[in-house]
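Me: I would like to go through the open spaces and the backbone of this model, asking of each label what earns it.

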Amino acid sequence: MLTTILIVLVVLIAALLIYAATRPAGFTVSRSTSIKAPPEAIFPLINDFRCWTVWSPYEKLDPDMKRTLSGAESGRGAAYAWEGNSKAGIGRMEITNSVPSSLVALKLDFEKPFKANNTVDFTLKPAGNETSVTWAMHGRYPFIARLMGVFMNFDRLVGKDFEAGLASLKKAAEK
């Protein structure tokens with residue numbers, strides 16, 4: 001009986017590992033909103049890291065977070081590093097591309113609570129008297145993340161932060 005239970009357990013674990021290995025190695029999390037403001041009013045809030053304290057949900061994770069700005073004041077070459085509590089972690093992002101009123105692309109590197117290297121882009125598209133703003137993050141899933149993804153939904157987890165950030169960005173831009 002014990003042998004049968006062990007065999008079933010080994011088969012289930014092997015099946016779980018095989019299933020995780022077949023999951024996609026890359027991911028994209030993306031959320032969009034419409035903001036009643038022209039792209040020219042929204043763009044500076046994204047293109048300048050000094051403005052992120054107004055709208056980014058990650059700024060609220062640790063009120064004592066250490067922030068370091070370097071490089072350009074805004075746009076391509078502007079960099080933002082942070083070191084915070086276990087929720088905020090440690091990381092750095094740098095604007096790699098900035099197209100006025102339409103695109104801000106970032107290189108995002110996490111050191112803690114886990115290592116990850118992702119890209120982020122904010123796209124702004126005018127739509128009548130509104131602007132469609134999309135916040136997207138792209139990256140690779142190492143095997144352990146694919147295994148964890150069997151039990152948790154990364155898109156939903158990060159997506160709720162993007163939704164909160166876009167809502168705050170909307171509020172700031174529509175003032």
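**Pockets and backbone**

Reply: In this predicted model, strand 1 (26-35), helix 4 and helix 5 each supply at least two residues of the lining of the second largest pocket, and the largest share, 4 residues, comes from strand 1.

Me: What makes a residue count as part of the lining of the second largest pocket, and which residues lie nearest its centre?

Reply: A lining residue has an atom within 4 Å of a point of the pocket; the second largest pocket is lined by 14 residues, and Arg 23, Phe 27, Tyr 141, Phe 154 and Asp 155 lie nearest its centre. The space in this pocket comes to about 160 Å³.

Me: Why are 28 residues in the lining of the largest pocket called nonpolar?

Reply: Residue type decides the class, and because Phe, Met and Val count as nonpolar, the residues nearest the centre of the largest pocket, Phe 110, Phe 114, Met 137, Phe 154 and Val 158, belong to that class. The rest of the lining is made up of 4 polar and 7 charged residues, while the space enclosed is about 990 Å³. Helix 5 (154-173) gives the most to this lining, with 6 residues.

Me: What is the peptide bond from Lys 112 to Pro 113 called, and where is Pro 113 found?

Reply: That bond is cis, with omega near 10°, and Pro 113 is found in the loop between strand 5 (103-112) and strand 6 (116-127).

Me: What is the sign of phi at Ser 101?

Reply: Phi of Ser 101 is positive, near 65°, in a residue other than glycine; Ser 101 lies in the loop between strand 4 (90-99) and strand 5.

Methods
Residues numbered from 1 in each chain as written. Predicted model: local features only at pLDDT ≥ 70, side-chain atom pairs only at ≥ 80, totals over all residues. Heavy atoms only, no water. 1 Å grid on protein atoms, 1.4 Å probe; cavity = no way out; pocket = protein on both sides within 12 Å on 5 of 7 lines; lining within 4 Å. Points joined across faces, edges and corners; volume = space filled by probe spheres on them.
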